[in-house]
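Student: I would like a close look at the enclosed spaces in this model, and at the open one that belongs with them. Please take me through the linings step by step.

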Amino acid sequence: MKQIEFVTADQAVSHIPSHSHIHLSSVASVPHCLIQALCRRADAGDVTDLHFHHFHTEGPAPYSEPRYEGIFFDQGFFVGPNVRANVNAGYADYLPVHLGETPRLYRTGAIKLGAALVNVSLPDKDGFVSLGTSVDCSVAAIENAPLVIGVVNPNVPFSFGNLIPLEKFDYLVSDDTPLVTADFADPTPTEKIIGHNCAGLLEDGDCLQMGIGALPNALAAELGTAKNLGLHTEMFSIGLLRLIRKGVINGACKKIDTGKVVSSFLLGPQEVYSFIDHNPDVLMRDIEYTNNPYNIARNPHMKAINSAVEVDLTGQVCADSIGTRIFSGTGGQLEFVRGASMSEGGKSIIAMASRTLKGKSKIVPALNTAAGVVTPRSDAHWMVTEYGAVDLYGRSLQERAKLMISIAHPDDREDLDRAAFERFGPHYHNFSI
């Protein structure tokens, strides 16, 4: 059996050579003690040209900061608030990719890793550890990096789905830093209406995918009397946990992973992390499994609910940027849009408020210049705002424009109608939907 050595964080990262690409476990389970140790190496002038890859991370992100320019360069697969300003200032960068395809970047060598740094749980009696709240693409990183460092942390819950033998690690570090937690604001009145409108598209026995935040929590609150819902998602949080505990989500109608909650990463209060600890009814899986459209489609009545920054009159969905400014990332939206669309009885739903907090319409004649199209118009199906729900599938461009205008804020409809008339010409008004 391979002998694994427990060392300090500084000793562990001393083995990472300059010019390496480094994977970090992400979201709530970032190995901050190793990042701090790398910062100490950088401050001492002992390392240079390290590239970091990860999903969005919670907590400090010194690997993206201007003070480490030329030493660290962050190239994340999704942009969170802690790196957003530095990405848009050029000190860090964004690597566009569907989250479900991130393991392939490592497995094919498109990104040749030098090291994988991950948080893990305490080992079980058989010498296996868990990746806890964030499996993401860490399994692929562990399999392909020549140097694997695990931070054994008792605060990382032991979750099933992807267990890693201790023999996979070159060095282990002990740390008891609590995982980052997050509480989400209560839904606004507008979000509650949107949640109600989305709930009207769901039925007993559906399998759900939705994200985290106030809007998903508003939808979850509308489903308290539903029956036999399933959950196959890339992430979930407190709103869906309440439905699991009520028995509303029980997975009884799922065709794969029947009776199981399936996810890849979590963010929320400690209650969410404690729930998955040694819970055999929850499977935390590799993101390549959860986000594969063919796996998603294997569950009938799959309902995927996602959001948008803006949507144009033809159904093009921007969800990653505001013009040229990167806001988040492609994520898994299109993977779940397509998986739900292929599912028997499935629906793909884009839910958003009709206006931004500054009162600007999120339904627009054309997307902002350089805005990213995350879901193409050819994949657009249901669109939901506080003013209703419309299905764009099987509709022409002019029909789509009329439908989208019907769920825009009433004060924006005249301008949108005028823009549609200018785009489509005088025949635009000569038919009804």
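Tutor: Start with the largest cavity, which holds about 60 Å³ of space. This is a predicted model. The whole structure was searched for cavities of 30 Å³ or more, and the search finds 2.

The lining of the largest cavity draws on several stretches of the sequence. Ala28, Val30 and His32 are among its residues. Asn119 and Asn153 also line this cavity. So do Asp175, Thr177, Pro178, Leu179 and Val180. By class, that lining has 5 nonpolar, 4 polar and 1 charged residues. Asp175 is the charged one, because Asp counts as charged and the lining list holds no Glu, Lys or Arg.

Now the second largest cavity. Its space is about 40 Å³. Two elements, H7 and H8, each give two or more residues to its lining. Met210, Gly211, Ile212 and Gly213 are part of the lining. Pro216, Asn217 and Ala220 line it as well. Ser237, Ile238, Gly239 and Leu240 complete the list. The classes here are 6 nonpolar and 5 polar, with no charged residues.

Next, the open space: the second largest pocket. Its volume is about 210 Å³. Helix H7 (214-221) and helix H8 (238-246) are the elements that give two or more residues to the pocket lining. H8 supplies the largest share, 5 residues. In total, 16 residues line the pocket. Those nearest its centre are Pro187, Asn217, Ile238, Gly239 and Arg242. The lining divides into 9 nonpolar, 3 polar and 4 charged residues.

Put the pocket and the second largest cavity side by side. Asn217, Ile238 and Gly239 lie among the residues nearest the pocket centre. Asn217, Ile238 and Gly239 also appear in the lining of the second largest cavity. H7 and H8 contribute two or more residues to the cavity lining, and these helices do so for the pocket too. Charge separates the two linings: the pocket has 4 charged residues, while the cavity has no charged residues.

One last site, in another helix. Serine 274 is found in helix H9, which spans residues 270-276. Its relative accessibility is 43%, so serine 274 counts as partly exposed. Phenylalanine 158 lies 116 residues away from serine 274 in sequence. In space, their C-alpha atoms are 9.3 Å apart.

Technical notes. Residues numbered from 1 in each chain as written. Predicted model: local features only at pLDDT ≥ 70, side-chain atom pairs only at ≥ 80, totals over all residues. Heavy atoms only, no water. 1 Å grid on protein atoms, 1.4 Å probe; cavity = no way out; pocket = protein on both sides within 12 Å on 5 of 7 lines; lining within 4 Å. Points joined across faces, edges and corners; volume = space filled by probe spheres on them. Helix = DSSP H or I, 4+ residues; strand = E, 2+ residues; numbered from the N terminus. Buried < 20%, exposed > 50% of the residue type's maximum accessible area, 1.4 Å probe, protein only.
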